[in-house]
Amino acid sequence: MALKSKCPACGSTNVRVENPRDYYYNHCGLTGVHLLGMGVAITDCAACKQKTTTILQEAQLLQVLGMAIVTGKPGLTGEQLRYLRKLFEMTQGELADSLGKGRRETVAEWEAMGRKRLFKTPYEEIGLRAVLMSLFAARVLESEFNCLSSQHKAEYANAAGTFVERVSTLLAGRGTNKSIEIRRQSRRADWSATHCSAC
Ligand SMILES: [Zn+2]
């Protein structure tokens, strides 16, 4: 191990650290999120016998995940919408207002769809997608809580700038965003989304 590892519970350095190859990150409120690479450390302490799971730079990870959803494939689900709303720190009523839907219930109904996709066709979600992208810029990228790097920002600007061109891809897209892979190349690196090329 290049970095000195400590037990988060007792501080002992008598620990064994393991980086799981594929960590299923379900406690973020989304299903189908896999963390790959060096971003998760499981510390097994010989002194206090505790096993602790640490997610490195979790605040950034949550924002990268949001970015992967707003710039990702068609087939937004209820839980993805809820995830984004919470990331934007908005109430259902506030999101409904931003979407030009006066009714908070519309957002509540969408969120209640859980793992189901909100719309049958990609065409129907373009308007919602455009609003979510602008909210992501305003409430994450330009906020004081932004944890994304200049590289992330460049990727986002590219995705937003080519949104109109990407609409045709979105319309042609047959896959869904069911599985999201987020990778960290080293313990010092940033998180990055790796969209599965197979789906
Ligand atoms: Zn310990």
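**Helix packing and sheet architecture in the predicted model**

Residues L62, G66, I69 and V70 of helix α1 meet Q80, Y83, L84 and L87 of helix α2. Sorted by class, this contact between α1 and α2 comprises 6 nonpolar and 2 polar residues, with no charged ones. The model examined here is a predicted one, and the contact just described is a convenient place to start a tour of it.

The two helices, α1 and α2 (residues 78-87), pack with their axes 10 Å apart and at an angle of about 130 degrees. Since only angles over 145 degrees count as roughly antiparallel, α1 is therefore oblique to α2. The crossing in which α1 passes α2 is left-handed.

A second partner of α1 is helix α5 (residues 126-141), whose axis lies 10 Å from that of α1, at an angle of about 160 degrees. This angle is over the cut-off of 145 degrees, so α1 and α5 are roughly antiparallel to each other. Their crossing is left-handed. On the α1 side the contact is made by Q63, G66, M67 and V70, and on the α5 side by L132, M133, F136 and V140. By class, 6 of the residues in this contact are nonpolar and 2 are polar, while none is charged. G66 and V70 of α1 thus appear in the contact with α2 and again in the contact with α5.

Stepping back to the whole protein chain, the model holds 7 helices and 7 strands. Along the sequence these elements follow the pattern β-β-β-β-β-α-α-α-α-α-α-α-β-β. Of the 199 residues in the chain, 26% are buried. Among contacts between residues at least 6 apart in sequence, 69% join residues at least 24 apart.

Strands from both ends of that pattern come together in an open sheet of 4 strands, with the order β2-β3-β6-β7 and mixed pairing. Its edge strands are β2 (22-24) and β7 (191-194), each of which pairs on one side only. On average, neighbouring strands of the sheet are turned by 30 degrees against each other, direction ignored. Helix α1 (residues 58-70) packs on this sheet and touches β3, β6 and β7, its direction making about 25 degrees with that of β7.

Within the sheet, β3 (residues 33-37) and β6 (residues 180-184) pair in the parallel sense over 5 bridges. One of the residues involved is H34, whose bridge partner in β6 is E181. Strands β6 and β7, by contrast, run antiparallel and are joined by 4 bridges. Here R184 has W191 of β7 as its bridge partner, and a hairpin of 6 residues links β6 to β7. In a regular strand, side chains alternate between the two faces of the sheet.

Finally, C45 offers a view of another strand, as this residue is placed in β4 (residues 40-45). C45 counts as buried because 22 C-beta neighbours lie inside 10 Å, where 20 or more are required. Beyond its neighbours within four places in sequence, C45 is in contact with C7, A9, C10, S12, N14, V15 and Q50. P8 lies 37 residues from C45 in sequence, yet the C-alpha atoms of P8 and C45 are 9.1 Å apart in space.

How values were computed. Residues numbered from 1 in each chain as written. Predicted model: local features only at pLDDT ≥ 70, side-chain atom pairs only at ≥ 80, totals over all residues. Buried ≥ 20, exposed ≤ 12 C-beta atoms within 10 Å, placed from the backbone. Contact = placed C-beta atoms within 7 Å. Pairing = 2+ DSSP bridges. Axes fitted to C-alpha atoms, helices over the stretch in contact; angles between N-to-C directions. Parallel < 35°, antiparallel > 145°, perpendicular 65-115°, else oblique. Left-handed = near helix turned anticlockwise from the far one by under 90°. Nonpolar A, V, L, I, M, F, W, Y, C, P; charged D, E, K, R; others polar.
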